[in-house]
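Subject: The structure you asked about

Hi,

Here is the structure, with its sequence, so you can open it and follow along. Have a look around before reading on.

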Amino acid sequence: MNVLLPVSRGASFDLALRLAIDTAKAHAGRIRVLDVVDAAEIRRIEAGARPGAIHLARHAADEVRKRMTAEGTAAVAGAVRRCQEAGVPAQGEVLEGELERELVSAAGANDLLVSATASHFDPDLEDASGRLVLTVMREGGIPILLSGAKYRFVRTIVAGCGGGPRTERAVGAMARLSLWKEAPRGILLAVDDAPAEGQERIAVPRRILADAGYPAWEETVLPGPRATTFLSFCDSVDADVVVLGGWGEHRWDDLLGLSVTGRLLEDGRRHLFLYM
């Protein structure tokens, strides 16, 4: 398994690093730690010059480039060292370019992107939490694993079974990577007021896991409002990881607060495995 770990800003990067190490170590994987010096930020500094002060703006931009490169190099070196100390092969790289484009390009050569639900990539932490990596999932065609706001050892996994191809792709991506095959507890959950229809939603994920050699997971169908029922169930079983698909149909503003994915991102207490 090849894991892509982009360097994000703030304390959440340490949580993502720990989760990446645990995941790669459990699957004989390798980690690529990537920091991108944001060329757009440097251009904004250059473009902000007053008339007659272009040389000052260019000097300021060069200083920012040097600082960002030095910070990125230090972050990458530190992350690679921690991977190696844990017995996980790792390599690091610092690139300058368009942040989203570079991450999408790098995603194509890897099996899984690991970051954090609270990840920020803007130097001032003003970008929306997790937004960039969700965009990389959509554009780069790679599953993502987001760490929660605290370190959690994975014992209980809940896979949301909403039915249709989105659920199949998410559970299928997890199964292709053999993630959490040996976990103590796995649960297939459908929220539906009609028990028979809920069982239909669970049928395909059950088959995918069985075909991939997973032990039988528990199956639960619950009535009620989808988002609140789903989150309440995750609380009741103290879920460590939630597996979901289907983010791509939402605009970003609709995602937060309305969908199950958005509510879990806001909650931030659990790891999320997402694919669309």
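Below I go through the confidence, then the sheet, then three pairs of helices.

Keep in mind that this is a predicted model. The pLDDT averages 87 over the chain, and 88% of the residues score at least 70. There is one stretch to treat with care: over residues 248–254, pLDDT stays under 50. The model has 11 contacts beyond four places in sequence for those residues.

Now the sheet. If you trace it from one side to the other, you meet 10 strands in the order β3-β2-β1-β4-β5-β10-β9-β6-β7-β8. The sheet is open, and its pairing is mixed. Which strands stand at the edges? They are β3 (90–97) and β8 (218–222), and each has a single partner strand, so one side of each is left without a neighbour in the sheet. On average, neighbouring strands are turned by 25° against each other, if you ignore direction.

For a closer look at one pair, try β1 (residues 2–6) and β2 (residues 30–38): they run parallel and are joined by 5 bridges. Val 3, for instance, has Ile 31 in β2 as its bridge partner. A helix packs on this sheet too, namely α10 (residues 260–267), which touches β5 (144–147), β9 (241–245) and β10 (271–275). The direction of α10 makes about 145° with that of β9.

That same α10 also packs with another helix, α8 (residues 226–237): their axes come within 9 Å and cross at roughly 45°. The two are therefore oblique to each other, and α8 passes α10 in a right-handed crossing. On the α8 side the contact is made by Arg 226, Ala 227, Thr 228, Phe 230 and Leu 231, and on the α10 side by Val 260, Arg 263 and Leu 264. Sorted by class, the contact of α8 with α10 has 5 nonpolar, 1 polar and 2 charged residues.

Next, find α4 (residues 99–107) and α5 (residues 131–140). Their axes come within 9 Å and cross at roughly 50°, so α4 and α5 are also described as oblique to each other. Their crossing is right-handed. Leu 99, Glu 100, Leu 103, Val 104 and Ala 107 in α4 meet Leu 132, Thr 135, Val 136, Glu 139 and Gly 140 in α5. In this contact, 6 residues are nonpolar, 2 are polar and 2 are charged.

The last pair is α6 (residues 164–176) with α7 (residues 195–211). Here the axes are 10 Å apart and the angle is about 15°. Are these two helices roughly parallel or oblique? The angle makes α6 roughly parallel to α7, because angles under 35 degrees count that way. α6 passes α7 in a right-handed crossing. From α6, the contact involves Thr 167, Glu 168, Val 171, Gly 172, Met 174 and Ala 175; from α7, it involves Val 204, Pro 205, Ile 208 and Leu 209. The classes in the contact of α6 with α7 are 7 nonpolar, 2 polar and 1 charged.

Happy to go through any of this together.

Cheers

Methods
Residues numbered from 1 in each chain as written. Predicted model: local features only at pLDDT ≥ 70, side-chain atom pairs only at ≥ 80, totals over all residues. Heavy atoms only, no water. Axes fitted to C-alpha atoms, helices over the stretch in contact; angles between N-to-C directions. Helix = DSSP H or I, 4+ residues; strand = E, 2+ residues; numbered from the N terminus. Parallel < 35°, antiparallel > 145°, perpendicular 65-115°, else oblique. Left-handed = near helix turned anticlockwise from the far one by under 90°. Contact = heavy atoms within 4.5 Å. Nonpolar A, V, L, I, M, F, W, Y, C, P; charged D, E, K, R; others polar. Pairing = 2+ DSSP bridges. pLDDT = per-residue confidence, 0-100.
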